[in-house]
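Morning, everyone. Please have the sequence and the model up in front of you. I'll start with a pocket, then move to the fold.

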Amino acid sequence: MYRLGIDLGGTNIVAGVVDENYNIVAKASCKTNVPRPESEICDSMAEVALKAIEEAKITLKDVESVGIGVPGAVNPETGVIEYSANLYFHNWAVVRMMEERLNTKVKIENDANAAALGEYLAGSAKGAKNAVAITLGTGVGGGIIIDGSIYSGSNYAGAELGHMVIVKGGKECACGRHGCWEAYASATGLINLTKQKILTEKPEFSYMLKTCDGDITNVSGRTAFDAMRAGDPLARQVVEEYISYLATGIVNIINIFQPDILCIGGGISNEGDNLLTPLRAIVEAERYTKHNDKQTVICKATLGNDAGIIGAAYL
């Protein structure tokens, strides 16, 4: 028997057929093209779902369950996306609309929660009892697994880890608060920090400028790390400052939840040991339980974008 997972993002809609061993056997995708009416997006999700099923050479009758991971505040009980800034919708009864199109039961969950479940079932958190998954992207996504189940709070809006404040009165966050972890530890935060260092320090020569062809509008999440590897001392400052902010939030999470595993996904996680080695050193020095024998393992998430599909399929 197979399951189907749909990852509804602000840019792309991806559907995948997942087998009983958590392997994705077929995928299909299309552009989300927001903003547009709810019915049109549901039509697109149904189309890519059926295309993935066709690619897997099965029928809808072979699909045991369908799940959808979506950004924003999601109520799995009512099947309603209560708010999603990326999709420009409020109170969207997506489950009802998708069940009408696919004629089968559908579940929804926040996309970061679905990705955390995917990593717990088949990725870097497999075998853990309690796990936390964070994604360093445009923002900071968070998913928490406790005793094998997604933790989302009494109102299904929990695990917004990116919106804990780590710098009182700090940088403005997209959520409207100041000093949120997301404003410092996301890929966007790293890009802004890199630009700020270049503009304030005004170095005569910097590999950071060279790697972006002298135009700071080309700065990416890789710029500072690439320049650091080339021996740029200013880039090293940027990377060290960024990792210190990232570590602050991770220490907070570990002190609160004490998970078996904390896995990090998103493009920045591809920096590997250049990111993880100094990060682990700071966490080791600052966490409350430094003298305990059992400590949280910090590692790279392994499933990438497939985590959300696998997690959604197994909601």
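First, what counts as a pocket: on a 1 Å grid over the protein atoms alone, a pocket is an open set of points where a 1.4 Å probe fits, with protein on both sides within 12 Å along at least five of seven lines. Grid points are joined across faces, edges and corners, and a volume is the space filled by probe spheres set on the points. Lining residues have an atom within 4 Å of a point.

Some ground rules. This is a predicted model, where local features need pLDDT of at least 70, side-chain atom pairs count only at pLDDT 80 or more, and totals for chains, interfaces and linings use all residues. Residues are numbered from 1 along each chain as its sequence is written, and side-chain values use heavy atoms, with hydrogens and water left out.

Now the second largest pocket. Its volume is about 190 Å³. The lining consists of P76, E77, K107, I108, E109, L117, I150, S152, Y156 and L315. By class, that is 6 nonpolar, 1 polar and 3 charged residues. Here Tyr and Pro count as nonpolar, Glu and Lys as charged, and Ser as polar. Which strand gives the most to this lining? Strand β8, residues 106–110, with 3 residues.

Next, the fold. The protein chain has 10 helices and 13 strands. These are DSSP runs, numbered from the N terminus: helices are H or I, at least four residues, and strands are E, at least two.

Look at one sheet. It is open, with 5 strands in the order β11-β10-β9-β12-β13, and the pairing is mixed. Two strands pair if DSSP finds at least two bridges between them. β11 (149–150) and β13 (297–300) stand at the edges, each with a single partner strand, so one side of each has no neighbour in the sheet. Strand β12, residues 261–265, runs parallel to β13, joined by 4 bridges. In that pair, C263 has C299 of β13 as its bridge partner. Helix α9, residues 273–286, packs on the sheet and touches β12 and β13. Contact means heavy atoms within 4.5 Å. The direction of α9 makes about 160° with that of β13. Axes are lines fitted to C-alpha atoms, for helices over the stretch in contact, and angles run from 0 to 180 degrees between N-to-C directions.

Last stop: the loop between β3 (24–31) and α1 (38–55), where P35 sits. A cis peptide bond joins V34 and P35, with omega about 0°. N33 is in the loop between β3 and α1 too. N33 has a positive phi of about 55°, although it is not a glycine.
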